[in-house]
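Here's a walk through this model, one piece at a time. Keep the viewer open and follow along as the residues and elements come up.

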Amino acid sequence: MTFEGTVALVTGAGSGMGLATVRALHAAGATVYGLDISPSVADVLADLDRATGLAVDISDSAAVDAAFARVEVEQGRLDVLVNAAGVNAPNRAALEALNDENRKIFDAMKAGRKHDSELFEFISDEDFDRVMRINLYGTFYTMRAAVPLMKRNGAGSIINFSSAAALMGVTMPAYYPASKAAVLGLTREGAAELAPFGIRVNALAPGAIDTPLFRQSDDEFAEFLIGMQPIRRAAQPEEIAEMVLFLAGPSASYLTGQTISPSGGLVMV
Ligand SMILES: NC(=O)c1ccc[n+]([C@@H]2O[C@H](COP(=O)([O-])OP(=O)(O)OC[C@H]3O[C@@H](n4cnc5c(N)ncnc54)[C@H](O)[C@@H]3O)[C@@H](O)[C@H]2O)c1
(Lines give C-alpha, C1' and ligand atoms only; values in the text may rest on other atoms or scores of the structure.)
Protein backbone atom coordinates (compact mmCIF):
# COMPACT_ATOMS: atom_id res chain seq x y z
CA MET A 1 0.00 0.00 0.00
CA THR A 2 1.40 3.40 -0.87
CA PHE A 3 0.73 6.70 0.80
CA GLU A 4 2.93 8.66 -1.57
CA GLY A 5 1.69 12.21 -2.07
CA THR A 6 -0.47 12.06 1.05
CA VAL A 7 -0.20 14.06 4.25
CA ALA A 8 -0.88 12.56 7.66
CA LEU A 9 -1.03 13.96 11.18
CA VAL A 10 -0.49 11.61 14.12
CA THR A 11 -0.88 12.53 17.79
CA GLY A 12 1.04 10.73 20.51
CA ALA A 13 3.82 10.52 17.93
CA GLY A 14 6.68 10.43 20.41
CA SER A 15 6.09 6.94 21.77
CA GLY A 16 4.39 3.58 21.39
CA MET A 17 1.70 3.11 18.77
CA GLY A 18 1.73 6.74 17.63
CA LEU A 19 5.45 6.53 16.91
CA ALA A 20 5.10 3.17 15.16
CA THR A 21 2.30 4.68 13.05
CA VAL A 22 4.42 7.67 12.05
CA ARG A 23 7.21 5.32 10.98
CA ALA A 24 4.85 3.06 9.01
CA LEU A 25 3.12 5.95 7.24
CA HIS A 26 6.48 7.52 6.45
CA ALA A 27 7.84 4.22 5.10
CA ALA A 28 4.75 4.01 2.86
CA GLY A 29 5.55 7.42 1.40
CA ALA A 30 3.44 9.87 3.43
CA THR A 31 4.53 13.25 4.70
CA VAL A 32 3.82 13.09 8.41
CA TYR A 33 3.31 15.63 11.19
CA GLY A 34 3.74 14.06 14.62
CA LEU A 35 2.29 15.85 17.64
CA ASP A 36 3.23 15.02 21.21
CA ILE A 37 3.15 16.79 24.54
CA SER A 38 6.76 15.73 24.99
CA PRO A 39 9.18 18.23 23.42
CA SER A 40 11.48 15.32 22.55
CA VAL A 41 9.14 14.41 19.68
CA ALA A 42 11.16 16.59 17.27
CA ASP A 43 14.33 14.61 18.08
CA VAL A 44 12.52 11.27 18.04
CA LEU A 45 11.34 11.90 14.45
CA ALA A 46 14.53 13.67 13.30
CA ASP A 47 15.75 10.67 11.27
CA LEU A 48 12.64 10.68 9.05
CA ASP A 49 13.06 13.07 6.12
CA ARG A 50 9.34 13.71 5.52
CA ALA A 51 8.30 13.86 9.19
CA THR A 52 8.02 16.87 11.49
CA GLY A 53 7.67 16.55 15.23
CA LEU A 54 5.68 19.29 16.96
CA ALA A 55 5.42 19.72 20.73
CA VAL A 56 1.68 20.19 21.23
CA ASP A 57 -0.57 19.40 24.17
CA ILE A 58 -3.73 18.18 22.42
CA SER A 59 -5.89 19.34 25.32
CA ASP A 60 -5.00 22.92 24.30
CA SER A 61 -7.36 23.71 21.43
CA ALA A 62 -5.48 26.85 20.34
CA ALA A 63 -2.22 24.87 20.10
CA VAL A 64 -4.00 22.15 18.11
CA ASP A 65 -5.49 24.73 15.73
CA ALA A 66 -2.05 26.30 15.26
CA ALA A 67 -0.52 22.93 14.33
CA PHE A 68 -3.24 22.28 11.74
CA ALA A 69 -2.83 25.82 10.38
CA ARG A 70 0.85 25.00 9.85
CA VAL A 71 -0.04 21.81 7.98
CA GLU A 72 -2.43 23.80 5.81
CA VAL A 73 0.17 26.46 4.99
CA GLU A 74 2.98 23.97 4.36
CA GLN A 75 1.05 21.18 2.61
CA GLY A 76 -2.37 22.57 1.64
CA ARG A 77 -4.00 19.22 2.40
CA LEU A 78 -4.56 16.53 5.02
CA ASP A 79 -5.41 12.95 4.10
CA VAL A 80 -5.04 11.01 7.34
CA LEU A 81 -5.52 11.87 11.02
CA VAL A 82 -4.50 9.35 13.69
CA ASN A 83 -5.40 10.13 17.29
CA ALA A 84 -3.03 7.96 19.32
CA ALA A 85 -2.24 10.38 22.15
CA GLY A 86 -3.74 9.26 25.42
CA VAL A 87 -3.11 8.65 29.10
CA ASN A 88 -4.43 6.06 31.54
CA ALA A 89 -3.65 8.24 34.55
CA PRO A 90 -3.52 12.03 34.89
CA ASN A 91 -0.32 12.23 36.94
CA ARG A 92 2.33 10.16 38.73
CA ALA A 93 0.37 9.92 42.01
CA ALA A 94 -2.71 8.57 40.24
CA LEU A 95 -0.59 6.08 38.31
CA GLU A 96 1.01 4.82 41.54
CA ALA A 97 -2.42 4.51 43.16
CA LEU A 98 -3.61 2.50 40.15
CA ASN A 99 -0.60 0.20 40.34
CA ASP A 100 -1.13 -0.26 44.11
CA GLU A 101 -4.74 -1.19 43.51
CA ASN A 102 -3.81 -3.64 40.76
CA ARG A 103 -1.27 -5.23 43.12
CA LYS A 104 -3.96 -5.67 45.79
CA ILE A 105 -6.34 -7.30 43.31
CA PHE A 106 -3.60 -9.55 42.03
CA ASP A 107 -2.28 -10.53 45.48
CA ALA A 108 -5.80 -11.37 46.63
CA MET A 109 -6.37 -13.55 43.57
CA LYS A 110 -3.11 -15.39 44.19
CA ALA A 111 -4.14 -15.98 47.81
CA GLY A 112 -7.60 -17.14 46.77
CA ARG A 113 -9.21 -14.11 48.43
CA LYS A 114 -11.54 -11.51 47.01
CA HIS A 115 -10.59 -7.86 46.96
CA ASP A 116 -13.27 -5.19 46.55
CA SER A 117 -11.78 -2.09 44.95
CA GLU A 118 -12.97 1.30 46.10
CA LEU A 119 -12.09 3.81 43.42
CA PHE A 120 -15.09 5.99 42.57
CA GLU A 121 -15.28 8.10 45.71
CA PHE A 122 -11.57 8.91 45.59
CA ILE A 123 -11.41 10.33 42.06
CA SER A 124 -10.86 14.10 42.23
CA ASP A 125 -12.50 16.60 39.91
CA GLU A 126 -9.04 17.58 38.67
CA ASP A 127 -7.98 14.05 37.78
CA PHE A 128 -11.24 13.23 36.01
CA ASP A 129 -11.05 16.52 34.15
CA ARG A 130 -7.42 16.07 33.03
CA VAL A 131 -7.97 12.62 31.53
CA MET A 132 -11.14 13.77 29.76
CA ARG A 133 -9.31 16.81 28.41
CA ILE A 134 -6.58 14.69 26.87
CA ASN A 135 -8.36 11.51 25.76
CA LEU A 136 -11.71 12.99 24.74
CA TYR A 137 -11.38 16.74 24.21
CA GLY A 138 -8.00 16.34 22.50
CA THR A 139 -9.51 13.86 20.04
CA PHE A 140 -12.40 16.24 19.41
CA TYR A 141 -10.06 19.22 18.88
CA THR A 142 -7.97 17.44 16.26
CA MET A 143 -11.03 16.06 14.46
CA ARG A 144 -12.61 19.52 14.38
CA ALA A 145 -9.44 21.01 12.95
CA ALA A 146 -8.99 18.21 10.39
CA VAL A 147 -12.51 18.27 8.97
CA PRO A 148 -12.31 21.48 6.88
CA LEU A 149 -9.00 20.36 5.36
CA MET A 150 -10.36 16.91 4.49
CA LYS A 151 -13.64 18.33 3.16
CA ARG A 152 -11.66 20.48 0.78
CA ASN A 153 -9.97 17.30 -0.51
CA GLY A 154 -13.27 15.46 -0.74
CA ALA A 155 -11.56 12.59 1.10
CA GLY A 156 -9.94 11.68 4.36
CA SER A 157 -9.55 8.99 6.97
CA ILE A 158 -9.55 9.45 10.73
CA ILE A 159 -8.47 6.70 13.12
CA ASN A 160 -9.11 7.17 16.83
CA PHE A 161 -7.55 5.13 19.63
CA SER A 162 -10.09 3.87 22.12
CA SER A 163 -9.38 0.85 24.34
CA ALA A 164 -10.64 -2.62 25.15
CA ALA A 165 -11.39 -1.04 28.54
CA ALA A 166 -14.19 0.93 26.85
CA LEU A 167 -15.90 -2.27 25.71
CA MET A 168 -15.64 -4.37 28.88
CA GLY A 169 -16.55 -3.91 32.50
CA VAL A 170 -13.13 -3.49 34.04
CA THR A 171 -12.23 -2.20 37.49
CA MET A 172 -10.03 0.83 37.08
CA PRO A 173 -10.46 4.58 37.64
CA ALA A 174 -13.59 5.48 35.70
CA TYR A 175 -12.03 8.38 33.81
CA TYR A 176 -10.16 6.01 31.51
CA PRO A 177 -12.99 3.75 30.26
CA ALA A 178 -15.36 6.74 30.29
CA SER A 179 -13.06 8.83 28.10
CA LYS A 180 -12.32 5.92 25.76
CA ALA A 181 -16.03 5.04 25.40
CA ALA A 182 -16.71 8.69 24.58
CA VAL A 183 -14.09 8.46 21.82
CA LEU A 184 -16.31 5.77 20.25
CA GLY A 185 -19.20 8.24 20.34
CA LEU A 186 -17.06 10.81 18.52
CA THR A 187 -16.05 8.13 16.03
CA ARG A 188 -19.59 7.01 15.23
CA GLU A 189 -21.04 10.50 15.03
CA GLY A 190 -18.13 11.61 12.85
CA ALA A 191 -18.58 8.59 10.60
CA ALA A 192 -22.28 9.34 10.10
CA GLU A 193 -21.87 13.07 9.54
CA LEU A 194 -18.74 13.05 7.41
CA ALA A 195 -19.35 10.12 5.03
CA PRO A 196 -21.05 12.37 2.45
CA PHE A 197 -17.82 14.37 2.32
CA GLY A 198 -15.70 11.31 1.61
CA ILE A 199 -14.32 11.18 5.14
CA ARG A 200 -14.22 7.87 7.03
CA VAL A 201 -13.83 7.62 10.80
CA ASN A 202 -12.93 4.37 12.57
CA ALA A 203 -11.58 3.36 15.96
CA LEU A 204 -9.15 0.82 17.35
CA ALA A 205 -9.78 -0.59 20.82
CA PRO A 206 -6.51 -2.32 21.74
CA GLY A 207 -5.82 -4.83 24.48
CA ALA A 208 -2.27 -5.41 25.71
CA ILE A 209 0.22 -3.65 23.45
CA ASP A 210 3.87 -3.58 24.40
CA THR A 211 4.42 0.16 24.79
CA PRO A 212 5.76 2.39 27.58
CA LEU A 213 2.15 3.00 28.67
CA PHE A 214 1.47 -0.71 29.06
CA ARG A 215 4.80 -1.27 30.81
CA GLN A 216 3.89 1.34 33.44
CA SER A 217 2.14 -1.57 35.19
CA ASP A 218 4.13 -4.03 37.30
CA ASP A 219 5.56 -6.84 35.17
CA GLU A 220 3.60 -9.44 37.09
CA PHE A 221 0.33 -7.60 36.57
CA ALA A 222 1.11 -7.03 32.89
CA GLU A 223 1.66 -10.77 32.48
CA PHE A 224 -1.63 -11.42 34.25
CA LEU A 225 -3.45 -9.12 31.80
CA ILE A 226 -1.77 -10.82 28.86
CA GLY A 227 -2.82 -14.18 30.30
CA MET A 228 -6.49 -13.17 30.11
CA GLN A 229 -6.25 -12.81 26.33
CA PRO A 230 -6.85 -15.91 24.18
CA ILE A 231 -3.73 -14.92 22.23
CA ARG A 232 -1.36 -14.83 25.20
CA ARG A 233 1.13 -12.17 24.25
CA ALA A 234 1.28 -8.42 24.06
CA ALA A 235 1.26 -7.15 20.49
CA GLN A 236 4.08 -5.01 19.23
CA PRO A 237 3.15 -1.41 18.34
CA GLU A 238 4.20 -2.08 14.73
CA GLU A 239 1.40 -4.66 14.40
CA ILE A 240 -1.14 -2.01 15.39
CA ALA A 241 0.43 0.50 13.00
CA GLU A 242 -0.30 -1.96 10.17
CA MET A 243 -3.98 -1.89 11.15
CA VAL A 244 -3.93 1.90 11.17
CA LEU A 245 -2.55 1.87 7.62
CA PHE A 246 -5.23 -0.60 6.55
CA LEU A 247 -7.96 1.66 7.98
CA ALA A 248 -6.34 4.76 6.49
CA GLY A 249 -5.96 3.36 3.01
CA PRO A 250 -8.17 2.33 0.09
CA SER A 251 -8.53 -1.30 1.27
CA ALA A 252 -10.88 0.01 3.97
CA SER A 253 -12.90 2.22 1.59
CA TYR A 254 -16.23 0.68 2.70
CA LEU A 255 -15.50 0.78 6.44
CA THR A 256 -16.63 3.65 8.57
CA GLY A 257 -17.86 4.02 12.15
CA GLN A 258 -16.26 0.69 13.06
CA THR A 259 -14.41 -0.33 16.18
CA ILE A 260 -11.74 -2.96 15.64
CA SER A 261 -10.28 -4.48 18.78
CA PRO A 262 -6.72 -5.73 18.40
CA SER A 263 -6.79 -7.40 21.81
CA GLY A 264 -5.72 -10.97 21.10
CA GLY A 265 -9.37 -12.01 21.35
CA LEU A 266 -9.98 -10.40 24.77
CA VAL A 267 -12.85 -8.45 23.23
CA MET A 268 -14.80 -10.13 20.47
CA VAL A 269 -16.99 -7.51 18.80
N1 LIG B 1 -0.60 0.12 25.27
C2 LIG B 1 -1.77 -0.44 25.50
O3 LIG B 1 -1.81 -1.58 25.96
C4 LIG B 1 -3.06 0.29 25.17
C5 LIG B 1 -4.25 -0.43 25.30
C6 LIG B 1 -5.45 0.20 24.98
C7 LIG B 1 -5.45 1.51 24.52
N8 LIG B 1 -4.28 2.19 24.41
C9 LIG B 1 -4.35 3.56 23.88
O10 LIG B 1 -3.55 3.66 22.73
C11 LIG B 1 -3.02 4.98 22.59
C12 LIG B 1 -1.52 4.92 22.41
O13 LIG B 1 -0.97 4.37 23.61
P14 LIG B 1 0.52 3.83 23.77
O15 LIG B 1 0.41 2.58 24.52
O16 LIG B 1 1.22 3.91 22.48
O17 LIG B 1 1.04 4.93 24.81
P18 LIG B 1 2.43 5.69 24.97
O19 LIG B 1 2.40 6.26 26.36
O20 LIG B 1 3.56 4.85 24.55
O21 LIG B 1 2.27 6.89 23.92
C22 LIG B 1 1.29 7.89 24.11
C23 LIG B 1 1.91 9.22 23.70
O24 LIG B 1 0.89 10.23 23.91
C25 LIG B 1 1.55 11.37 24.39
N26 LIG B 1 0.61 12.27 25.08
C27 LIG B 1 0.09 12.10 26.31
N28 LIG B 1 -0.67 13.16 26.63
C29 LIG B 1 -0.61 14.01 25.58
C30 LIG B 1 -1.18 15.29 25.32
N31 LIG B 1 -1.92 15.92 26.22
N32 LIG B 1 -0.91 15.87 24.11
C33 LIG B 1 -0.12 15.25 23.20
N34 LIG B 1 0.45 14.05 23.40
C35 LIG B 1 0.21 13.43 24.58
C36 LIG B 1 2.62 10.84 25.33
O37 LIG B 1 3.63 11.81 25.59
C38 LIG B 1 3.11 9.63 24.57
O39 LIG B 1 4.22 9.94 23.73
C40 LIG B 1 -3.47 5.73 23.84
O41 LIG B 1 -4.59 6.51 23.52
C42 LIG B 1 -3.82 4.63 24.82
O43 LIG B 1 -4.80 5.04 25.75
C44 LIG B 1 -3.09 1.62 24.74
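**A tour of the fold**

Let's start with Ala-191, which lies in helix H6. Helices (DSSP runs of H or I, at least four residues) and strands (runs of E, at least two) are numbered from the N terminus. What you're looking at is a predicted model, where local features need pLDDT of at least 70, side-chain atom pairs count only at pLDDT 80 or more, and totals for chains, interfaces and linings use all residues. Residue numbers start from 1 along each chain as its sequence is written.

Back to Ala-191: with 19 other C-beta atoms within 10 Å, Ala-191 is partly exposed. For the burial labels, C-beta atoms are placed from the backbone, and a residue is buried if 20 or more other C-beta atoms lie within 10 Å of its own, exposed if 12 or fewer, and partly exposed in between. Setting aside neighbours within four places in sequence, Ala-191 is in contact with Arg-200, Val-201, Thr-256 and Gly-257. Contact here means that the C-beta atoms of two residues, placed from the backbone, lie within 7 Å. Ser-157 sits 34 residues from Ala-191 in sequence, and their C-alpha atoms are 9.7 Å apart in space.

Now for what H6 packs on. Helix H5 (residues 125-153) and H6 (residues 175-194) pack at an angle of about 15°, with their axes 9 Å apart. The axes are lines fitted to C-alpha atoms, for helices over the stretch in contact, and angles run from 0 to 180 degrees between N-to-C directions. H5 and H6 are therefore roughly parallel to each other. That label covers angles under 35 degrees, while over 145 counts as roughly antiparallel, 65 to 115 as roughly perpendicular and the rest as oblique. The crossing of H5 and H6 is right-handed; the rule is that a crossing is right-handed if the near helix is turned clockwise from the far one by less than a right angle, and left-handed if anticlockwise. On the H5 side, the contact residues include Phe-128, Val-131, Met-132, Leu-136 and Phe-140, and on the H6 side they include Tyr-175, Tyr-176, Val-183 and Leu-186. Sorted by class, this contact of H5 with H6 has 13 nonpolar, 4 polar and 2 charged residues. In this scheme Ala, Val, Leu, Ile, Met, Phe, Trp, Tyr, Cys and Pro are nonpolar, Asp, Glu, Lys and Arg are charged, and the others, Gly among them, are polar.

H5 has another partner. The axes of helix H3 (residues 61-75) and H5 come within 9 Å and cross at roughly 25°. That makes H3 roughly parallel to H5, and H3 passes H5 in a right-handed crossing. Here Ser-61, Val-64, Asp-65, Phe-68 and Glu-72 in H3 meet Tyr-141, Thr-142, Ala-145, Ala-146 and Leu-149 in H5. The contact of H3 with H5 has 6 nonpolar, 2 polar and 2 charged residues. Arg-70 is found in H3 as well, and is partly exposed, with 14 other C-beta atoms within 10 Å. From Arg-70 to our starting point, Ala-191, is 121 residues in sequence and 25 Å in space, C-alpha to C-alpha.

Which helix gives the most to the shell around the ligand? H1 does, with 3 residues. Helix H1 (16-27), strand S2 (31-36) and H5 each supply at least two residues of that shell. Of the 31 residues around the ligand, Gly-12, Ser-15, Gly-16, Gly-86 and Thr-211 come nearest; a residue is near a molecule or strand if its C-beta atom, placed from the backbone, lies within 6 Å of it. The shell has 16 nonpolar, 13 polar and 2 charged residues.

H1 also holds Arg-23. Buried or exposed? With 21 C-beta neighbours inside 10 Å, Arg-23 counts as buried. The C-alpha atoms of Arg-23 and Glu-238 are separated by 8.8 Å, with their positions 215 residues apart along the chain.

One more helix pair to go. The axes of helix H4 (residues 92-110) and H7 come within 10 Å and cross at roughly 65°, and this crossing is left-handed. Asn-102, Arg-103 and Phe-106 in H4 meet Glu-220, Phe-221 and Phe-224 in H7. That contact divides into 3 nonpolar, 1 polar and 2 charged residues.

Finally, look at the loop between strand S6 (199-204) and helix H7 (219-228), where Arg-215 has its place. Arg-215 is exposed, with 12 other C-beta atoms within 10 Å. Arg-215 and Val-201 are 14 residues apart in sequence and 29 Å apart in space, C-alpha to C-alpha.
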